[in-house]
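Reader: I'm new to this, so could you walk me through how to read a protein model?
Author: Sure, let's take a look together.

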Amino acid sequence: MEKFCEAASVLKSIGIRVTQARILMLEALHSGCGLFTAQALHGKLPGGTADLATVYRFLALLVREKLAREITGTDGVLYYEMACSHNPSHPHFECRKCGRIYCLPAFQPEERMRFPACPHGHGVESVSVVYRGTCSACRATAEKEDKE
């Protein structure tokens, strides 16, 4: 795991009890890219590592500790992604036709300045930017169908 944070060290650094199941779950998270659901993470684990309820609890813990970000799709499904120096905050796109949600490149510093400031006295804990519309693949399919 040279490319990502070492799982046991990450857990220890924020005072989370280190277990083999948590190490395996965090390593599975680091091995993927982009967004994932609790079910997808559960499916990547070796059999018997953790049940689905444990995966959900672990993901909730990671979100509370700001080690993961949570994005809710318009279908109500929760998607997660790692929140570390290897995966800085960035916007997402959700296609209303195929339902796919994917990561977009991070905003450049000059682009971040275009967002309105939070009212004085508020404490911002997270910001989520999700563009919703029709992805290029669905648009191309629709255009092809219109020509036929």
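Reader: Which elements cover the buried residues of H4?
Author: This is a predicted model, and in it the cover over the buried residues of H4 includes three helices, H1 (7-13), H2 (20-31) and H3 (38-44). Strands E1 (68-72) and E2 (78-82) are also part of that cover.

Reader: And which residues of H4 are buried?
Author: Here's the general idea: an α-helix has 3.6 residues a turn, so residues three or four places apart point the same way. Now the case here: Val55, Phe58, Leu59, Leu61 and Leu62 are buried in H4. They sit on the same side of H4 because they cover an arc of only 160° around the axis.

Reader: What does the face turned away from the buried side of H4 carry?
Author: You'll find the exposed residues Arg57 and Arg64 there.

Reader: How many residues does H4 have, and how far does it reach?
Author: H4 runs over residues 52-64, which makes 13 residues. From its first C-alpha to its last it reaches 18 Å, close to the 18 Å expected at 1.5 Å a residue. Following H4 is Lys66, with a positive phi near 65°.

Reader: Let's pick a residue in one of the strands. Is Glu81 buried or exposed?
Author: Glu81 belongs to strand E2, and it counts as buried because its relative accessibility is 0%.

Reader: What does the side chain of Glu81 make a polar contact with?
Author: With the side chain of His90, at 3.0 Å. Setting aside neighbours within four places in sequence, Glu81 also has contacts that include Gly34, Leu35, Phe36, Ile71 and Cys103.

Reader: How do I read aromatic rings, and how many aromatic pairs are there?
Author: A pair of aromatic rings is described by the distance of the centres and the angle of the planes. This structure holds two aromatic pairs. One of them joins Phe93 and Tyr102, with 5.7 Å centre to centre and 40° between the planes, so the pair is tilted: stacked needs under 30 degrees and edge-to-face over 60. Phe93 is buried, with a relative accessible area of 14%, while Tyr102 is partly exposed at 23%.

Reader: Which element has the lowest mean pLDDT, and which the highest?
Author: Where pLDDT is low, the predicted coordinates should not be read in detail. Here the lowest mean among the elements is 68, for helix H5 (residues 109-112), and the highest is 94, for strand E3 (residues 92-95). The protein as a whole averages 85, and 93% of the residues score at least 70.

Terms used. Residues are numbered from 1 along each chain as its sequence is written. This is a predicted model: local features need pLDDT of at least 70, side-chain atom pairs count only at pLDDT 80 or more; totals for chains, interfaces and linings use all residues. Side-chain values use heavy atoms; hydrogens and water are left out. Rings of Phe, Tyr and Trp (its six-membered ring) pair if their centres lie within 6.5 Å; planes under 30 degrees apart count as stacked, over 60 as edge-to-face and the rest as tilted. Buried means under 20% relative accessible area, exposed over 50%, partly exposed in between (1.4 Å probe, protein chains only). pLDDT is the predictor's confidence in each residue, from 0 to 100. Helices (H or I, at least four residues) and strands (E, at least two) are DSSP runs, numbered from the N terminus. The expected span of a helix is 1.5 Å times one less than its number of residues. The arc is that of the directions from the helix axis to the C-beta atoms. Contact means heavy atoms within 4.5 Å. A polar contact is a pair of N or O atoms within 3.5 Å; within protein, one must be able to donate a hydrogen and the other to accept it, and residues adjacent in sequence count only if both atoms are side-chain atoms.
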